[in-house]
Protein chains: 2
Amino acid sequence: MNDAHHAERPLANGQARIDFQTEPARYRHWKLKVDGDVATLLMDVDEKGALFEGYELKLNSYDLGVDIELADAIERLRFEHPQVRVLVLRSGKPRVFCAGANIRMLAGASHAHKVNFCKFTNETRNGIEDLSENSGLQTICAINGTAAGGGYELALAADHIMLVDDGSSSVALPELPLLAVLPGTGGLTRVSDKRKVRRDLADVFCTIEEGVKGKRAVEWRLVDEVTPGSKFEDIISARAKEFAAKSRRNGPVQGIKLAPITRRFTDGGVEYSSLAVDFDRKTRIATITLRGPTVPPPASAGAMVAAGSEFWPLKLARELDDAILHIRLNEFEVAAIVFKSSGDPAEVVAYEQFLDANKDYWLTREIRHLWKRVLKRVDLTSRSLVTLIEPGSCFAGTLAELPFACDRSYMLIGTHQGDNRPPAAIVLTDANFGAYPMSNGLTRLASRFLADPADIDAAKAERGKMLDGEAARRLGLVTFALDDIDWDDEVRLFLEERASFSPDSLTGLEANLRFAGPETMESKIFARLTAWQNWIFQRPNAIGEDGALKRYGTGQQPVFDMRRV
Amino acid sequence: MNDAHHAERPLANGQARIDFQTEPARYRHWKLKVDGDVATLLMDVDEKGALFEGYELKLNSYDLGVDIELADAIERLRFEHPQVRVLVLRSGKPRVFCAGANIRMLAGASHAHKVNFCKFTNETRNGIEDLSENSGLQTICAINGTAAGGGYELALAADHIMLVDDGSSSVALPELPLLAVLPGTGGLTRVSDKRKVRRDLADVFCTIEEGVKGKRAVEWRLVDEVTPGSKFEDIISARAKEFAAKSRRNGPVQGIKLAPITRRFTDGGVEYSSLAVDFDRKTRIATITLRGPTVPPPASAGAMVAAGSEFWPLKLARELDDAILHIRLNEFEVAAIVFKSSGDPAEVVAYEQFLDANKDYWLTREIRHLWKRVLKRVDLTSRSLVTLIEPGSCFAGTLAELPFACDRSYMLIGTHQGDNRPPAAIVLTDANFGAYPMSNGLTRLASRFLADPADIDAAKAERGKMLDGEAARRLGLVTFALDDIDWDDEVRLFLEERASFSPDSLTGLEANLRFAGPETMESKIFARLTAWQNWIFQRPNAIGEDGALKRYGTGQQPVFDMRRV
């Protein structure tokens, strides 16, 4: 099989890597305006601001670079603008809301980039929904012009979709007829499961290039209201007021500033202030070592606000998120991520206690929700995940979610010879029993102990205790507990073997085994829809030289193998 | 992209097509023995009995031909042996239970055959579980030797798995380490969601070639009990007695005989006794026309038994099932299946009333469950599905499920010019409101009306009425209701357009839009797991010339692209 689709385009402006850090002053594609309790996010994509060389971002089409700014804006609304109750999403361009993912970008991207790009854009849209559901900040999407493909999928993340009724403004999912692929950012699932569009009407909608406009868009449940162009601004203002009045968000006028993350890239890894990433290129392993807090928790919620983004749980979550994204999009050869930690479990527990004591405070809630999203990002990372729990580590509370997020965990019984740090311990806290649901809606321990919920109760009864290797194994919290004699060989053999397997089959295996139990719209998007899209992204009808993605815009019709699978 | 993987091997013995009809006297691979309320199904695969040329079925490995016999045996247990309460599944070969799907077959099969083969084997295993859940016939799987890959997946369909503890008998899912693919017949989902194996232990289990044996297999929940070899037969008998005593199946000693289906293959289609399949090769459309009953329903349950497999609802279900399978596996070029019907809706309703009046009778229940499975087979068929509802048709009750199973339906308002048959009507009956759940656990109408359950009630209130095109459209039962002037053009344009789209993207679209709402283990198998497996079956790491599937057994190691997607 020819596998030419792996070659990656060069990044624009000679950048060495895709950078997930930005801030509003540096945005090229979005304008974030905050006015009292209403924020407006204006999409005005800079055609010349593409992430890679070789294409322009016409008609408010987007690539990963555009979505990184959107994700940043959503995070800042959470932390920097806790008073905002409504977000209005709209376009800064005339006659077009958003044309979706840039087709030239897709046609030229490697399969791995396409898949990880879609994963990130899905996570960003889930984040918009999470902001509404859990923080009460509701989104109104005001469409004046065409919202096609990813443009409509962005709208689908909103709580309320408005469409101008001017005979040309429309919503559309034209991927199938135009490009022979599926809407890649949750569109089909949100049409069927969120907006509950009747399945045969959804079939019609997804097979017409020109989309649906006017009253029919309301009748088919594709949008919530249509408005005359002349009343558009007035109705947007009215809706913003209504939704603001209904919102339960009641943060202070002043949030905290999300300061730039401190990090340094070297040949061997990335050094952050609260964690380190080390690459072993030969064994294709990335080791992420999280560091426990170096100071005790603040004395009060006010002191936490004063610490701002230096507050250890917030800083670590942001840095871990950045590290995971860096590995996902810049380090495709990494076979496995090994999580380690260093620090005093008691100090981590002290932070858990502080967060619990202030659990209704707006900033505490946002920090817990951020960790929830970062841990979901870990769950959804298509690399083998393993936690090594050794002397001197601090897998307590929130950090103890990492071994439960991993495909396997290894814990040392006792100490390594010549190492006088205290033996490894896991400490469970309340945080492990509800704060961090996975995308299937269950906690990681509930997903782990599906067979017998009594195992959850047994673990719960041990909260606060320093659980050594034997105890953790007995409770089912770790896969293997080994003594020093076996440790090095067992871990090395496992990692070598893992790195020798086909990455594709591991991706499929892990995507199935990590999410047992119930399904949610979110889990359906990442499992069912994504898997079908990945399959289609491998099929010659889409990506072959004569396929629809390659021939789009050339004036040549694509050539399809017409056999059904 | 090189797409050499489409070439199909020739069928063995010069057969013209894959035939889904068989009977116990013709089985080459299984022996079905019935002794009172216990049946034994002995797997003893004939190495020389492969479906295609070019491989032998060593070590009780299987291909589609083997599974067609298994599916037939399960159907016969339902209809011919209603007294059977327990099925014991075991091997007729020493030291091996079943080695799973034949690897040489997989390595040489077209992608379309592989995918449809896996779909059929999945449906057969779901049928075994349905037999237990809905007819009370429980399955014990008695493993003496190795149950690897599809062999263990077959065991996973049973209610109780026994394993001999002899130091070598084992269960294994070695697909990933050996072949760089996933277990293709529900294995991962049943391990995680049915047997609820802890996810990290499942990860270990699925990455070790040699599998798990003895007590560990019980501790990890992979089997229900291990027994010494010396006591194997005694314990099988004891378990069969226990399960028979617990079974609620209480059919008569005498069932009905499933007579061979009457059908005639021609160049243009297949003629059955109660339906016809017509192929239009140019437009790539298969039209299935179902015929209503020609005689009124029998006077009593006894008369229904006397009619046996000639009883119209049973005959039609079996013939429709055969027709769908024929199209799936022998007619890959068919883009769309068009359902039509001919007959008197009132006569169909009379049969529905007869079935309802006898709804607790064993044969009636089996017929309803058969229709449920056949309709699920329709739902899961990877072709565009459309129903055309025209004058002279009889889409009533059970047959009215077809438009609801389809991606779209078109209904004529009034009559065609010069046609004096009565205008088209849909008639809803109780059967449309509970008898036929889809794999997501909902009825087709409930899936259709997810947005507003009041729409289900509105439809329910119209039961028994002849609903014309206007009424059916108003109730949301059809996609389009057209008059004679528009009919031909609209239908033709739709079918032409559908046939012009990339088949792959349609497969993905339909797989997503057909199953809105909740998920079940069954729907997870057909969506999540199958989609990932299909993706992996397209990846060079598995199917490329240097991939694991091609190199298996050659002594050469596969070569993998190590980039993670």
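In chain A of this predicted model, strand β7 (residues 138–143) and strand β9 (residues 160–164) run parallel, joined by four bridges. One residue pair to look for there is A:Ile143, which stands opposite A:Leu163 in β9(A). From that pairing we can step out to the sheet around it, then to a helix contact in chain A, a hairpin in chain B, and how the two chains relate.

**The sheet in chain A**
- Both β7 and β9 belong to an open sheet of six strands, and the pairing in it is mixed.
- If you walk across the sheet, the order is β1-β2-β4-β7-β9-β11.
- At the edges sit β1 (30–35) and β11 (225–227) of chain A, each of which pairs on one side only.
- On average, neighbouring strands of this sheet are turned by 20° against each other, direction ignored.
- As a reminder, strands of a sheet pair through backbone hydrogen bonds, and they can do so parallel or antiparallel.

**Two helices packing in chain A**
- Helix α6 (residues 187–194) packs with helix α20 (residues 521–536) in chain A, with the axes 9 Å apart and an angle of about 140° between them.
- Why is α6(A) called oblique to α20(A)? Roughly antiparallel needs an angle over 145 degrees, and the angle here is about 140°, so α6(A) counts as oblique to α20(A).
- The crossing of these two helices, α6(A) and α20(A), is right-handed.
- On the α6(A) side, the contact residues are A:Gly187, A:Leu188, A:Thr189, A:Arg190, A:Asp193 and A:Lys194.
- Facing them from α20(A) are A:Met521, A:Lys524, A:Ile525 and A:Leu529.
- Sorted by character, the residues of this α6(A)–α20(A) contact come out as four nonpolar, two polar and four charged.

**A hairpin in chain B**
- Over in chain B, strand β12 (residues 263–266) runs antiparallel to strand β13 (residues 269–272), and four bridges join the two.
- Together β12(B) and β13(B) make a hairpin, with two residues between the strands.
- Within this pairing, B:Arg264 stands opposite B:Glu271 in β13(B).

**How the two chains relate**
- Give chain B a turn of 180° and a shift of 0.0 Å along the axis, and chain B can be laid on chain A with an RMSD of 0.0 Å.
- The two copies are therefore related as by a two-fold rotation axis.
- Through which surface do the copies meet? They meet through the same surface, because 100% of the interface residues of chain B are also interface residues in chain A.

Notes. Residues numbered from 1 in each chain as written. Chains lettered and ligands numbered in written order. Predicted model: local features only at pLDDT ≥ 70, side-chain atom pairs only at ≥ 80, totals over all residues. Heavy atoms only, no water. Pairing = 2+ DSSP bridges. Axes fitted to C-alpha atoms, helices over the stretch in contact; angles between N-to-C directions. Parallel < 35°, antiparallel > 145°, perpendicular 65-115°, else oblique. Left-handed = near helix turned anticlockwise from the far one by under 90°. Contact = heavy atoms within 4.5 Å. Nonpolar A, V, L, I, M, F, W, Y, C, P; charged D, E, K, R; others polar. Least-squares fit on C-alpha atoms with pLDDT ≥ 70 in both.
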